[in-house]
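Work through the exercises below with the structure open. Try each task before reading its solution.

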Amino acid sequence: MNSESILSLFFYTIPTVVTGLIAYHFFLEHTKNEDGRRRFLLKKEMQVNSMPIRLQAYERMALFLERISPSKLLIRVQPTSTDKDDYEVLLISTIEQEFEHNLSQQIYITDDCWSVITTAKNSTIQLIRKASMLEKTDSANKMREVILSEMMEKRAPSDTALSYVKKEVSDMW
């Protein structure tokens, strides 16, 4: 083989290699774009399917917060006796049962929102315990009065949490 035929073969090979590399690069970009498009469409479809479930979870947590609001809780859960300690236990167990019933909803809401809801629950329980410990609280009915009068002076923890839930739902749109 002479140098002219090697040089000629080299000139024919270079454009073929360059064209092959360009085609390979475009093929990789095309498959990457298609993967991204498929992922986007899948994510979009999942959001459409999961949105009603998430909204239902927020609805249930709003209902939970409404049900543990001290003013509504005290109306719904009547004392079974005049003993304030029995009534305290009854109120706290009612709140805990409501919470346990809605425990699975944490999967569908954000961690921050769940934390706010848990804090509201614990604050409401703490409010009931403090009212029960006061010296002027000598009966279940007196405990109800103390809690209701305190709720007139300040906002209920569940109201604050409910505002957070509403804000989070409005951010979903």
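**Exercise 1. Decide whether R67 is buried, partly exposed or exposed, then find its salt-bridge partner.**

Solution. This is a predicted model. Start with the accessible area.
- Step 1. R67 has a relative accessibility of 31%. Buried means under 20% and exposed means over 50%. R67 therefore counts as partly exposed.
- Step 2. Look for a partner. R67 forms a salt bridge with E98, and the closest N and O atoms are 2.5 Å apart.
- Step 3. Place both ends. R67 lies in helix α1 and E98 in helix α3, so the pair ties together parts that are 31 residues apart in sequence.
- Step 4. Check the partner. E98 has a relative accessible area of 13%, so E98 is buried.
- Step 5. Widen the view. A network of salt bridges links R67, R76 and E98.

**Exercise 2. Work out how α1 and α3 are oriented to each other.**

Solution.
- Step 1. Set the limits of the helices. Helix α1 covers residues 3–67, and helix α3 covers residues 84–101.
- Step 2. Take the geometry. The two helices pack at an angle of about 180 degrees, and their axes are 10 Å apart.
- Step 3. Apply the cut-off. Angles over 145 degrees count as roughly antiparallel. Therefore α1 and α3 are roughly antiparallel to each other.
- Step 4. Name the residues that meet. From α1 come R60, F64 and R67; from α3 come I95, E98, F99 and H101.

**Exercise 3. Find what K121 and K72 pair with, and compare how accessible the residues of each pair are.**

Solution. Side chains of opposite charge can pair when their charged atoms come close.
- Step 1. The side chains of K121 and E96 meet in a salt bridge, at 3.2 Å from N to O.
- Step 2. K121 lies in helix α4 and E96 in helix α3, so this pair ties together parts that are 25 residues apart in sequence.
- Step 3. K121 is buried, at 7% relative accessible area. E96 is partly exposed, at 26%.
- Step 4. K72 forms a salt bridge with E66, at 2.3 Å from N to O. K72 is partly exposed at 42%, and E66 is partly exposed at 27%.
- Step 5. Put the pairs in context. The whole structure has 11 salt bridges.

**Exercise 4. Locate Q105, T124 and T137, and list what each one touches.**

Solution. Contacts here leave out residues up to four places away in sequence.
- Step 1. Q105 sits in the loop between α3 and α4. Its relative accessibility is 6%, so Q105 counts as buried. Q105 touches A57, R60 and M61.
- Step 2. T124 is in helix α4. At 0% relative accessibility, T124 is buried. Its contacts are I68, P70, I95 and P157.
- Step 3. T137 is in the loop between α4 and α5. At 2%, T137 counts as buried too. T137 contacts K84, A131, S132, K142, M143 and V146.

**Exercise 5. Which residues make the nonpolar surface patch, and where does I14 fit in?**

Solution.
- Step 1. The patch is made by L7, F10, F11, I14, V18, I22 and F26. Its area is about 700 Å².
- Step 2. I14 lies in helix α1.
- Step 3. The relative accessible area of I14 is 36%, so I14 is partly exposed.

Methods. Residues numbered from 1 in each chain as written. Predicted model: local features only at pLDDT ≥ 70, side-chain atom pairs only at ≥ 80, totals over all residues. Heavy atoms only, no water. Patch = residues over 30% accessible without salt bridge, like charges linked within 9 Å, V, L, I, M, F, W, Y side chains within 5 Å. Areas by Shrake-Rupley, 256 points an atom, 1.4 Å probe, with all protein chains shown as cover. Salt bridge = Lys/Arg side-chain N within 4 Å of Asp/Glu carboxyl O. Helix = DSSP H or I, 4+ residues; strand = E, 2+ residues; numbered from the N terminus. Buried < 20%, exposed > 50% of the residue type's maximum accessible area, 1.4 Å probe, protein only. Axes fitted to C-alpha atoms, helices over the stretch in contact; angles between N-to-C directions. Parallel < 35°, antiparallel > 145°, perpendicular 65-115°, else oblique. Contact = heavy atoms within 4.5 Å.
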